[in-house]
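Dear colleague,

I am handing over the structure we spoke about, and it follows directly below. My notes on its sheets, helices and charged pairs come after it.

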Amino acid sequence: MDENRFLSRSEFLKLVTTCLGGAVLACQKSNKAGYDMSSTLPTLSLATQEPGTFPADVRADLVLANGNIMTVDPNNSIVQGVAVYQDKILQTGTSEDMLALAAPDAQIIDLAGRTLTPGLIDPHLHFRGYGLLTSYYTAFNPPEVIDIAGMQSLLADVIKGLQPGEWVNGTYYALRDKPIPTKEDLDPVSPNNPVFMMHIGGHWGTANSAALQSANITNKTRSPEGGIIDKANGEVTGVLFNHRAMDILRKAAPPITDELIRQSIVETQTLMASCGVTCFHDNNIRDIDAIRAYQELTQQGQLFLRNNLYLTLEWPSDLEKIDQVDVIRNDTTRFAGYKFLIDGQGPTAHTHEPHNGQEWQMTTWETKMFKDTVKTLHDTGLQICVHCIGDAATDLVLEAYRNAINANPRSQPRHRIEHAVLTAPQSTQTIKDLDVVVSTQPAFIYLFGDGWKSLFGENRMDRIMVTKEWLESGVHMAIGSDAPSTPFYYPGASLAGAMTRYSFNETPVGPDQGLTFTEALRAHTIEGAYAGHQENVLGSIESGKFADMVVWPQDPSQMNARELGLTTQVDMTFIGGKLVYQAEGS
């Protein structure tokens, strides 16, 4: 096999089974290293969008020397050393010059030839959702669960420890014999316990009869606008597509408590720091309490990763939540704007031409209401992000953005399209003209590329995530993970996926759209900063910016794709010049 291909099947299965335990592992490693994470919180202040300035004759508190430092500045400069004063980068240059700037008591770190890059920015990460996978949800993952029989066997084991009536909320990745289970697959195993088995992508799930009964979903229940309560011959199958439909069931399920939300945030933070993520955008936060949890954990010194937060508006009634948000914007946590989902995942992608999924013409919002709401939210001065899988979804969103911008022009609103899996050729120029940011996830190609071929057909595969086209057209594009919708939470997988574009069956998907390592790194750093209006203070190693930096165990630019795609841990992670993670022995 070509060594530049991403992961073998066995490597994939190994990752799926281990990554959900990664948060615990990372916590253990951090504790062994003896770091008190609460002490790493940067001093809160009003967020600045301009680089910092320094007093005359200032001396560096920290110098990292003798390294291969990829600055990701406009020239992609490579330097040997970097000097840090307090929480910002003082200068970059030769090791000799940087050491000459060191104060007498400065900390000196000899990189010994290792590579230093800016901290990785994940612009689309369900941060607290990742932590919930090991607390609120039960994982039905490979290799234990690769088919219906495996799901039934594990479900039977889980139910043994429950009382009748207790819920099982499960997640699964893929089943080789039946992509979407039905209630008939769950009922024989669990006649007395409600079960909701959600696909890890989060856009469909299956309820058994006990769960449907608990939620009062019957054969007569109509699908909500923007969602589907699936039926066969007039009888509910238990399958629910899109959040609009799943929400009806979730109202009957046990709630996710504030304690679980906070626990999930803290545990996920340690995991992400261990793989070099220094800033994330959680742009699918449905509850005000979850936003407050991020903000309060920051104020309490427990959350040190920089974070941009977006309130999801799933239902029109969610608009009532807007006035309840505390628009806190400081150097660590920033309420950044709003998020819509205008279509679902692949089976309910909104496309211009029919596909082989469940529904191709449905939008989750009525189109006029959506456009009016986008215009109103544009006027707040904050960002808008919209989940788009199909090409018609993207074009609808671009029309809404254009109408809002024309009605109320303002400088660089930087509204966003999330995923942009399938887009029409003419859409690229519109994206560029409106300065819309594309936030996409190349590792999806590995997981779903073969399925997209079956779903969309061969003739549309050349329009899948046209990353090179976007870059060459001047579109600002950021890449990230969308974890836990994929098991690939770590940046190495996103970088490798952007470069190789191989599917799980080792089929190249639009190989002409592959990025170089430098292009991929920029998309995961400075472009991630641009996606959050923070490119002046984050995303590169330049004077005046926050000293958010990552030391790699190997030079990532010299790794083959498989090595890079399996790199789940870095040697050191700095945020604001503070060491927040160090691997054992590094």
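How many salt bridges does the count come to? The model is a predicted one, and in it the count comes to 23 salt bridges. One of them joins the side chains of R114 and D571, with 3.1 Å from N to O. This pair links distant parts of the chain, 457 residues apart, since R114 sits in the loop between strand 6 (102-110) and strand 7 (115-118), while D571 belongs to the loop between helix 19 (561-565) and strand 23 (572-575).

Turning to the sheets, one is an open sheet of 8 strands in the order 8-15-16-17-18-19-20-21, with parallel pairing. Its edges are strand 8 (120-122) and strand 21 (477-479), each of which pairs on one side only, and neighbouring strands in this sheet are turned against each other by 20° on average, direction ignored. Within it, strand 18 (residues 383-388) and strand 19 (residues 416-419) pair in the parallel sense over 4 bridges, and V386 has I417 of strand 19 as its bridge partner. Helix 11 (residues 367-378) packs on this sheet, where it touches strand 17 and strand 18 and makes about 165° with the direction of strand 17.

Helix 10 (residues 288-299) lies across strand 15 (277-285), strand 16 (306-312) and strand 17 (333-341), and runs at about 165° to strand 16. Helix 10 also packs with helix 9 (residues 258-274), at an angle of about 50° and with the two axes 10 Å apart; helix 9 and helix 10 are therefore oblique to each other, and the crossing is right-handed. On the side of helix 9 the contact involves D258, I261, R262, I265 and V266, which meet D289, A290, A293, Y294, E296 and L297 of helix 10. By class, this contact has 7 nonpolar and 4 charged residues, and no polar ones.

There is also an open sheet of 6 strands, ordered 9-10-11-12-14-13, in which the pairing is mixed. Strand 9 (138-140) and strand 13 (228-232) are the edge strands here, each pairing on one side only, and neighbouring strands are turned by 30° on average, direction ignored. Strand 9 and strand 10 (residues 168-172) pair in the parallel sense over 3 bridges, with A139 opposite T171 of strand 10. Helix 5 (residues 148-160) packs on this sheet against strand 9, strand 10 and strand 11 (195-199), its direction making about 155° with that of strand 9.

With best regards

Note on methods. Residues are numbered from 1 along each chain as its sequence is written. This is a predicted model: local features need pLDDT of at least 70, side-chain atom pairs count only at pLDDT 80 or more; totals for chains, interfaces and linings use all residues. Side-chain values use heavy atoms; hydrogens and water are left out. Two strands pair if DSSP finds at least two bridges between them. Helices (H or I, at least four residues) and strands (E, at least two) are DSSP runs, numbered from the N terminus. Axes are lines fitted to C-alpha atoms, for helices over the stretch in contact, and angles run from 0 to 180 degrees between N-to-C directions. Contact means heavy atoms within 4.5 Å. Angles under 35 degrees count as roughly parallel, over 145 as roughly antiparallel, 65 to 115 as roughly perpendicular and the rest as oblique. A crossing is left-handed if the near helix is turned anticlockwise from the far one by less than a right angle, and right-handed if clockwise. Ala, Val, Leu, Ile, Met, Phe, Trp, Tyr, Cys and Pro count as nonpolar, Asp, Glu, Lys and Arg as charged, and the others, Gly among them, as polar. A salt bridge is a side-chain nitrogen of Lys or Arg within 4 Å of a carboxyl oxygen of Asp or Glu.
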